[in-house]
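Hi there,

Here is the structure I promised to pass on to you. Have a look at it first, and then read on for what turned up.

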2 protein chains.
Amino acid sequence: MITAVLLGGGNLALHLYDALQKSAACRVVQVYNRSLHKIGHLGSEVQITNDPNQLATADVYLLSVSDDAISKVSECLIGVNAIVAHTSGSATLEVLPNNGRRACFYPLQTFTKGLSIDYRTVPICLEAEREEDLIILQRMAASISDSVYRISSQQRQALHLAAVFVNNFTNHLYLIGKELCAQNNLPFDLLRPLIKETAQKIERMDPLVAQTGPAKRGDQKTLARHQLQLQDKIVKEIYFLLSESIKNTYKIP
Amino acid sequence: MITAVLLGGGNLALHLYDALQKSAACRVVQVYNRSLHKIGHLGSEVQITNDPNQLATADVYLLSVSDDAISKVSECLIGVNAIVAHTSGSATLEVLPNNGRRACFYPLQTFTKGLSIDYRTVPICLEAEREEDLIILQRMAASISDSVYRISSQQRQALHLAAVFVNNFTNHLYLIGKELCAQNNLPFDLLRPLIKETAQKIERMDPLVAQTGPAKRGDQKTLARHQLQLQDKIVKEIYFLLSESIKNTYKIP
């Protein structure tokens with residue numbers, strides 16, 4: 001049984017806690033957070049602490065805190081002879097105390113408070129300084145997910161950037177769509193089935209093949225009218241640039 | 001029973017045909033297409049024709065052809081005393097022959113060849129010159145969908161523009177994500193669960209609340225590093241503009 005101490009109390013930490021506690025290969029022996037407020041509800045099932053000097057002994061210390069806090073929080077792990085892994089998509093291993101066993105355990109998913117998720121579908125991307133540690137992390141990851149990858153720091157940073165496009169930016173496009181509806185007294189519900197189908201299509205199709213719309217067709221008349229319809233300057237520019245990018249992709253004049 | 005002649009042989013037309021043929025309130029009596037090639041497979045169940053002078057008599061003529069073709073194809077309907085409706089999100093009613101019974105029957109969804117869809121979830125947006133015709137179209141729409149809206153031309157054009165953002169542009173962001181993966185020897189499969197969850201979140205959440213990421217957090221360090229990681233000039237600009245737009249939305253300095 002792999003033992004782990006989890007440091008953090010955010011959405012990612014709490015979803016990870018749930019998944020690990022159900023796994024047969026791993027057990028979380030303690031959860032640390034600076035304030036007990038966010039982890040208090042776990043107190044009946046696991047040891048909790050807000051004292052960085054009272055951390056339990058474990059095989060793995062998992063730091064699931066914001067990027068900026070990794071360095072500071074991990075100070076309490078200086079000299080620890082165990083795997084010290086953060087869960088960040090963008091932080092390097094160098095932000096961790098240099099004990100020769102630094103690692104990353106990055107679940108590539110968006111986690112929302114109160115929304116449960118099937119962790120077995122969440123890709124977990126691993127990196128470790130020591131080969132033996134990677135094997136331990138692989139066992140741990142495989143016990144909660146069916147999709148475990150070993151990737152380099154550079155690959156992880158590219159992945160994190162790609163995630164910004166398909167998650168953060170996509171969500172912002174949903175918001176622009178919602179606002180265009182609101183400006184015309186239309187409910188956002190009108191767009192929800194389209195949003196769902198657009199994503200579902202991609203489960204089986206290549207986005208290169210799935211593309212449709214006026215830019216893809218080179219339909220200049222519609223492109224020009226849409227530009228006129230848009231009032232917000234920055235949204236107008238977004239429309240223009242994304243259309244240009246689509247035209248470039250398909251070599252549309 | 002409402003009778004309809006369907007004109008067109010594309011994805012939208014064929015999905016609409018399937019839905020209408022299963023409905024209890026409506027029957028497609030004929031399908032017209034310029035070339036029989038695309039509609040030949042329907043020949044055993046419905047009358048098909050490629051001769052615009054041989055159109056059957058019906059209550060409704062549904063033109064499910066590309067925007068540019070509506071005007072030309074509908075020439076064969078000049079003087080017809082029946083509902084003449086196109087299915088376009090962006091065309092005005094004026095492109096149809098002026099028989100005083102012009103209308104629009106716009107299913108707001110993306111239709112893909114070979115991918116079946118639950119038509120009951122597809123919003124259908126209606127517009128008609130004559131109030132009595134609207135009632136007929138409402139009966140027809142309600143017989144295939146649970147979500148029928150009466151909207152104006154202006155609302156429909158706004159909706160079509162919103163659909164470009166949440167469908168066409170979102171799909172292009174998926175492609176950018178895929179290319180960032182490919183450039184780093186990572187499979188696109190890594191992003192698929194995130195894409196799915198990003199869309200699913202929106203089924204119950206407002207996109208304004210669902211937003212996460214470096215721009216929302218005002219995380220300048222990550223924003224700057226991401227910009228450096230991007231090589232393609234236009235993709236770099238897209239990153240910058242979408243980040244600015246997110247920062248503006250949440251008043252992030």
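To start with a small puzzle: is Asp189(A) buried, partly exposed or exposed? Asp189(A) is partly exposed, at a relative accessible area of 44%. Please keep in mind throughout that this is a predicted model.

Asp189(A) is a handy way into the salt bridges, of which the structure holds 28 over all chains. Its partner is Arg192(A), and the closest N and O atoms of the two are 2.7 Å apart. Arg192(A) is also partly exposed, with a relative accessible area of 22%. That value lies just on the partly exposed side of the cut-off, because buried means under 20%.

In chain B, Lys72(B) and Glu75(B) meet through their side chains in another salt bridge, at 3.8 Å from N to O. Lys72(B) is exposed, with 58% relative accessible area, while Glu75(B) counts as partly exposed at 45%.

A buried pair in chain B makes a nice contrast. Arg156(B) forms a salt bridge with Glu127(B), and here the closest N and O atoms are 2.9 Å apart. Arg156(B) sits in helix H4 of chain B and Glu127(B) in strand S7 (residues 124-128) of that chain, so this salt bridge ties together parts that are 29 residues apart in sequence. Arg156(B) counts as buried at 1% relative accessibility, and Glu127(B) is buried as well, at 13%. Back in chain A, there is a network of salt bridges that links Arg101(A), Arg130(A), Glu132(A) and Asp133(A).

Now for the overall picture of chain A. It has nine helices and eight strands, and its C-alpha atoms fill a box of roughly 65 × 35 × 30 Å along the principal axes. Of the 253 residues in chain A, 58% are buried. Among the contacts in chain A with a separation of 6 or more, 52% are between residues 24 or more positions apart. The chain exposes about 10,800 Å², and carbon and sulfur atoms supply 50% of that area.

How do the two chains meet? One place to look is helix H8 (residues 220-229) of chain A against helix H4 (residues 153-183) of chain B: their axes come within 11 Å and cross at roughly 105°. That angle makes H8(A) roughly perpendicular to H4(B). From H8(A), the contact is made by Thr222(A), Arg225(A), His226(A) and Gln229(A), and from H4(B) by Gln157(B), Ala158(B), His160(B), Leu161(B) and Val164(B). Sorted by character, the residues of this contact are three nonpolar, five polar and one charged.

Helix H4 of chain B also holds Ala163(B), which counts as buried at 9% relative accessibility. Which residues is Ala163(B) in contact with, leaving aside its neighbours within four places in sequence? They are Leu191(A) and Leu194(A) from chain A, together with Leu108(B) and Asn168(B) from chain B. As for Val84(B), it is 79 residues from Ala163(B) along the chain, and their C-alpha atoms are separated by 24 Å.

His37(B) is placed in the loop between strand S2 (26-32) and strand S3 (47-49) of chain B. This histidine is exposed, with a relative accessible area of 72%. From C-alpha to C-alpha, His37(B) and Asn50(B) are 9.6 Å apart in space, and they are 13 residues apart in sequence.

Finally, a couple of backbone details you may want to check. Most residues other than glycine have a negative phi. Lys251(A) is not a glycine, yet has a positive phi of about 50°. You will find Lys251(A) in the segment after helix H9 (233-249) of chain A, and it is exposed at 72% relative accessible area. Asn185(B) likewise has a positive phi, near 55°, in a residue other than glycine. Asn185(B) belongs to the loop between H4 and helix H5 (192-204) of chain B, where it is exposed with a relative accessible area of 68%.

Happy browsing, and best wishes!

Notes:
Residues are numbered from 1 along each chain as its sequence is written. Chains are lettered from A and ligands numbered from 1 in the order in which they are written. This is a predicted model: local features need pLDDT of at least 70, side-chain atom pairs count only at pLDDT 80 or more; totals for chains, interfaces and linings use all residues. Side-chain values use heavy atoms; hydrogens and water are left out. Axes are lines fitted to C-alpha atoms, for helices over the stretch in contact, and angles run from 0 to 180 degrees between N-to-C directions. Helices (H or I, at least four residues) and strands (E, at least two) are DSSP runs, numbered from the N terminus. Angles under 35 degrees count as roughly parallel, over 145 as roughly antiparallel, 65 to 115 as roughly perpendicular and the rest as oblique. Contact means heavy atoms within 4.5 Å. Ala, Val, Leu, Ile, Met, Phe, Trp, Tyr, Cys and Pro count as nonpolar, Asp, Glu, Lys and Arg as charged, and the others, Gly among them, as polar. Buried means under 20% relative accessible area, exposed over 50%, partly exposed in between (1.4 Å probe, protein chains only). Accessible areas come from the Shrake-Rupley method with a 1.4 Å probe; for residues, only the protein chains shown count as cover. A salt bridge is a side-chain nitrogen of Lys or Arg within 4 Å of a carboxyl oxygen of Asp or Glu.
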